[in-house]
Amino acid sequence: MKKIGILTGGADCPGLNSVIRAVVRKGMQEGYVVTGIKNGWVGLVDYDTRILDLRLTSGILDKGGTILGTSRIKPQEDPRQMEKIIENYKRSGIDFLIAVGGEETLKTALALHKEGSVKVVGVPKSIDNALSGTDYAFGFDTAVNIATECIDRLHTTAESHHRIIVVEVMGRYTGWIALEAGLAGGADVILVPEIPVDIKKVCEALKARHRRGKNFSIIVVSEGAKIEGYADEPIAVSNMERRRYGNVGELIAKIIEEKTGYETRVSVLGHIQRGGAPTAYDRVIGTQFGVKAVEFGEEGKFGQMVSLRDNALQSVSLEKAVEQHKSIDMKLYEMAEVFIVN
Ligand code: F6P
């Protein structure tokens with residue numbers, strides 16, 4: 001009996017279930033049994049699996065989250081976990097594994113591929129759109145649409161109260177969500193991690209708007225943005241010892257109020273950007289990625305990730321895919337400046 005394993009790791013996001021459904025449909029069509037591994041790499045450490053079939057994966061295309069569950073662990077930094085994963089992979093009789101996730105999940109996949117015992121194909125997931133091996137990862141489009149809707153809503157209240165509203169969006173090291181949602185939502189200022197924030201310039205822009213009779217403004221800031229001249233202090237570190245974001249919006253609002261005297265509020269969109277139904281685009285690319293991942297497995301393209309380049313599905317090595325963060329498109333940022341007060 002031919003067997004495919006599938007797991008979803010790292011942060012959840014809308015579109016994961018679209019991939020799972022596609023892998024099960026395509027896999028079964030090609031004569032495979034599809035084994036779902038629970039909670040990302042944890043499911044291979046603990047041998048927590050279940051067979052997925054058409055019944056279990058029907059009606060999930062439009063559901064956010066992941067029916068398999070997820071976790072954030074880094075087995076490549078723990079030899080005992082790596083050993084367990086390899087042992088349980090062999091025990092499961094899986095012919096190849098489809099690892100759906102972002103940077104960390106795919107780094108584990110790469111480490112396992114290099115070790116040689118696990119045959120693995122990667123599928124890129126990232127609301128941050130930060131994976132350099134693909135133009136788009138699924139989840140990003142949904143996050144941008146949610147953030148845009150929130151910006152639209154915040155616009156009306158900012159205008160009524162003649163306030164500045166700072167909207168903090170996710171994105172970690174990159175400003176993709178801020179840039180695209182800021183553009184779509186008609187933000188007056190967009191701040192991204194790729195460009196240090198010149199707070200003086202921001203305040204001048206707000207004052208200029210006031211002089212033009214616009215006594216409200218929307219500032220979209222990416223959680224990873226850094227303000228020139230201010231210490232970059234993380235407010236909390238999770239049990240994974242990685243930086244947790246979430247204070248830059250507050251800091252910007254405080255400085256703006258001090259420097260301009262304009263009443264300023266902050267709205268941190270947080271995990272709302274990761275919840276709920278995927279957009280049609282994310283459902284479609286999630287489905288395409290899932291089907292392609294099965295094809296890659298059949299073709300023996302292990303250690304590769306499904307990638308979308310210039311609107312075509314391609315393969316890219318996992319090595320290349322996780323090599324660096326994909327910074328925002330500077331041409332788009334420069335274009336956005338046409339609409340932004342400066
Ligand atoms: O990488 C996705 C992401 O949502 C980031 O944008 C954010 O910084 C982080 O995950 C939040 O992680 P957690 O859900 O563990 O708080």
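Helices and strands here are DSSP runs, numbered from the N terminus, with at least four residues for a helix and at least two for a strand. Keep that in mind for the element names on this tour, and remember that you are looking at a predicted model.

**Stop 1: the two domains**

Start wide. Colour 2-139 together with 278-321 as domain 1, and 140-274 as domain 2, following the domain assignment. Where they meet, 20 residues of domain 1 and 16 residues of domain 2 make up the contact. If you place a marker at the C-alpha centre of each domain, the two markers sit 33 Å apart.

**Stop 2: the ligand**

Now select the ligand. Where does it lie relative to domain 1 and domain 2? Both domains give residues to the shell around the ligand, so it lies between them. Show the shell and you should get 12 residues, with Arg 72, Asp 128, Glu 223, His 271 and Arg 274 as the closest. Sort that shell by class and you'll find six charged, four nonpolar and two polar residues.

Zoom in on the side chains next. Asp 128 has a side-chain N or O atom 2.7 Å from an oxygen atom of the ligand. Arg 72 puts a polar side-chain atom 2.9 Å from a ligand oxygen, and for His 271 the distance from a polar side-chain atom to a ligand oxygen is also 2.9 Å. Taken on its own, the ligand has 400 Å² of accessible area, and the protein covers 84% of it.

**Stop 3: Gly 102**

Pick Gly 102 next, in the loop that links β4 (96-101) to α4 (103-115). Its relative accessible area is 9%, so it counts as buried, the cut-off being under 20%. Leaving out residues up to four places away in sequence, turn on its contacts and you'll see Gly 9, Lys 125 and Leu 131. For a sense of scale, draw a distance from its C-alpha to that of Leu 313: the two are 211 residues apart along the chain and 18 Å apart in space.

**Stop 4: Thr 134**

Jump to Thr 134, in the loop between β5 (120-124) and α5. Buried or exposed? Thr 134 is buried, at a relative accessible area of 0%. Its side chain reaches the backbone nitrogen of Leu 308 at 2.9 Å. With residues up to four places away in sequence set aside, Thr 134 touches Pro 124, Met 305, Ser 307, Leu 308, Arg 309 and Lys 326.

**Stop 5: His 155**

Follow the chain into helix α5, residues 140-161, and select His 155. At 18% relative accessible area, His 155 is buried. Which residues does it touch, not counting those up to four places away in sequence? Look for Gly 185, Gly 186, Phe 216 and Ile 218.

**Stop 6: two positive phi angles**

Finish with some backbone geometry. Tyr 47 sits in the loop between α2 (42-45) and β3 (49-52). Its phi is near 55°, a positive value in a residue other than glycine. Tyr 47 is partly exposed, with a relative accessible area of 26%.

The last selection is Asp 310, in the loop from β12 (304-309) to β13 (312-317). Here too the residue is not a glycine, yet phi is positive, at about 50°. Switch to a surface view and Asp 310 is exposed, with a relative accessible area of 70%.

Notes: Residues are numbered from 1 along each chain as its sequence is written. This is a predicted model: local features need pLDDT of at least 70, side-chain atom pairs count only at pLDDT 80 or more; totals for chains, interfaces and linings use all residues. Side-chain values use heavy atoms; hydrogens and water are left out. Buried means under 20% relative accessible area, exposed over 50%, partly exposed in between (1.4 Å probe, protein chains only). Contact means heavy atoms within 4.5 Å. A residue is near a molecule or strand if one of its heavy atoms lies within 4 Å of it. A polar contact is a pair of N or O atoms within 3.5 Å; within protein, one must be able to donate a hydrogen and the other to accept it, and residues adjacent in sequence count only if both atoms are side-chain atoms. Accessible areas come from the Shrake-Rupley method with a 1.4 Å probe; for residues, only the protein chains shown count as cover. Ala, Val, Leu, Ile, Met, Phe, Trp, Tyr, Cys and Pro count as nonpolar, Asp, Glu, Lys and Arg as charged, and the others, Gly among them, as polar. Domain bounds come from an automatic or database domain assignment.
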